[in-house]
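Open your viewer and get ready to click along. We'll go stop by stop, selecting a few residues at a time.

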Amino acid sequence: MKALQNMWSYQKSNLAVVSNNQYLIEEFPIEKYSKHIPDWFKNIHVDVATYDKNITKGQKHTAKSCSGIWDYFKKAHVLRFNYDLKIEIQDSNNFDYYPETNSSNFNMSWFKAEMYGMHTPLNNSLDTMIKLNSLYKIVSNKSTSVLMTDPFYNYNPQYRIVPGIVDPYFVNDVNIIMEPLQKKIDIKRGDPALIMFSLDGLDIKTRVATVKDNELIQRNLYKQNTMGLSWYEKLRSKNINI
C-alpha cells in the first residue's frame, strides 16, 4: 500500500525547472548528473591493481565502484551555465566582470562582507558572495523540498556554490550563489552551475514554462514584494493557498 501511495504521489508531482526561453530549454535542459560525469572520474579504472603492482588483480576496487557516488550522480540533476563569464575580484567591495549583465543571459548582484563572508570561520580576503540570477525558474504544484548545492565532483578550484533548500511551491527563483576561492573566475558555457536533489525523491522535469507555471511565479513574486521581511516564512507558516 505504501508503495502505491508513493507511486500516486510521484504521478501527481509537477516538479520542474522551467523557462520562458524555449531555446535555453532546448540547449541546456536540466539533466541527470550521470549524463555529465567529470572526465577524471570516468577515466578511473575499477581495479586498484591497475595502479599498484603489489595488489592482486580483483582484490581491491577504487572509488569507481562506490555505489554511494554512483547514486549521487544518478539522483542529482545538473543545471549548466549557458554563457561564458569572467570575474576579477579586487577586494570585498569591488570586482569586474565580462560580459556585462544582459537580461537575455543573467543578472548579477553580490552580498557585501558584513552580510555573510566576514562572519564565516574562514574569514578570508575573498568574503564577497556573488549572486547570479538565472533565466530558469523552479515550480511545483504542491509543497516539496529541493536542495540546490555545489557540483562537488567537478572540484572547481575557483569558487564553490553555497547550498540551500527551497520549496518551489512558494519560491521559484533559481539563483547561483558563489563563494569565490580565487580572485579570478573563468566560467565556460556548458560548465555545471549547480546541482539539485529532490528531498522527497521526485523526478525534476524540464520544460518551457506553461501558463499555469507563469501564474504561480507571478503570484509568488507578488507575495514576495508585498509581505515584507521574512516573507518566505510568513507565506509558508500561513500555508496560503496560491
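How many residues does helix α5 have, and how far does α5 reach from its first C-alpha to its last? Before you select it, two notes on what you're looking at. This is a predicted model, where local features need pLDDT of at least 70 and side-chain atom pairs count only at pLDDT 80 or more, while totals for chains, interfaces and linings use all residues. Residues are numbered from 1 along each chain as its sequence is written, and side-chain values use heavy atoms, with hydrogens and water left out.

**Stop 1: helix α5**

Select residues 211-226. Helix α5 has 16 residues and reaches 23 Å from first C-alpha to last, close to the 22 Å expected at 1.5 Å a residue. (The expected span is 1.5 Å times one less than the number of residues; helices are DSSP runs of H or I with at least four residues, strands are runs of E with at least two, and both are numbered from the N terminus.)

Now show the side chains of D213, L216, I217 and N220, which are buried in α5. Buried means under 20% relative accessible area, exposed means over 50%, and partly exposed is in between, using a 1.4 Å probe and protein chains only. Look down the axis of α5: its buried residues fall within an arc of 95°, so they line one face of the helix. That arc is taken from the directions from the helix axis to the C-beta atoms. Turn to the other side of α5 and you'll find V211, Y222 and N225 exposed. Step past the end of α5 to G228, whose phi is positive, near 80°.

**Stop 2: R207**

Next, click R207, in strand β14 (residues 205-208). Is R207 buried or exposed? At 18% relative accessibility, R207 counts as buried. Leaving aside neighbours within four places in sequence, R207 is in contact (heavy atoms within 4.5 Å) with N14, A16, V17, V18, S19, I25, V139 and D213. You've already met D213 as one of the buried residues of α5.

**Stop 3: the rings**

Time for the aromatics: the structure holds 14 aromatic pairs. Rings of Phe, Tyr and Trp (its six-membered ring) pair if their centres lie within 6.5 Å; planes under 30 degrees apart count as stacked, over 60 as edge-to-face and the rest as tilted.

Select Y72 and F197. Their ring centres are 5.0 Å apart with planes at 65°, so this pair is edge-to-face. Y72 sits in helix α4 (residues 67-75) and F197 in strand β13 (residues 192-198), so the pair ties together parts that are 125 residues apart in sequence. Y72 is partly exposed at 22% relative accessible area, whereas F197 is buried at 14%.

Then move to F81 and Y83, whose ring centres lie 5.7 Å apart with planes at 70°, so they are edge-to-face too. F81 is buried, at 1%, and Y83 is buried as well, at 6%. To see a cluster linked by ring pairs, select Y33, W40, F41, W70, Y72, F73, F152, Y153, Y155 and F197.

**Stop 4: salt bridges**

Side chains of opposite charge can pair when their charged atoms come close. A salt bridge here is a side-chain nitrogen of Lys or Arg within 4 Å of a carboxyl oxygen of Asp or Glu, and the count comes to eight.

- Try K42 and D39: their closest N and O atoms are 3.4 Å apart. Both lie in helix α3 (residues 39-42), three residues apart, about one turn of the helix.
- Go to E179 and R160, with closest N and O atoms 2.6 Å apart. This pair links distant parts of the chain, with E179 in strand β11 (residues 173-180) and R160 in strand β9 (residues 159-161), 19 residues apart. E179 is buried at 10%, while R160 is partly exposed at 40%.
- Pick D186 and K188, whose side chains meet in a salt bridge at 3.6 Å, N to O. Add K86 and you have a network of salt bridges linking K86, D186 and K188.

**Stop 5: the cores**

Which residues have the most contacts inside the largest nonpolar core? They are I87, L132, M178 and M196, in a core of 35 residues. (A nonpolar core is a set of buried Ala, Val, Leu, Ile, Met, Phe, Trp, Tyr and Cys residues joined through side-chain atoms within 4.5 Å.) Strand β7 (residues 129-139) gives the largest share of this core, four residues. Apart from this core lies another, of eleven residues, among them Y33, I37, A76 and I195.
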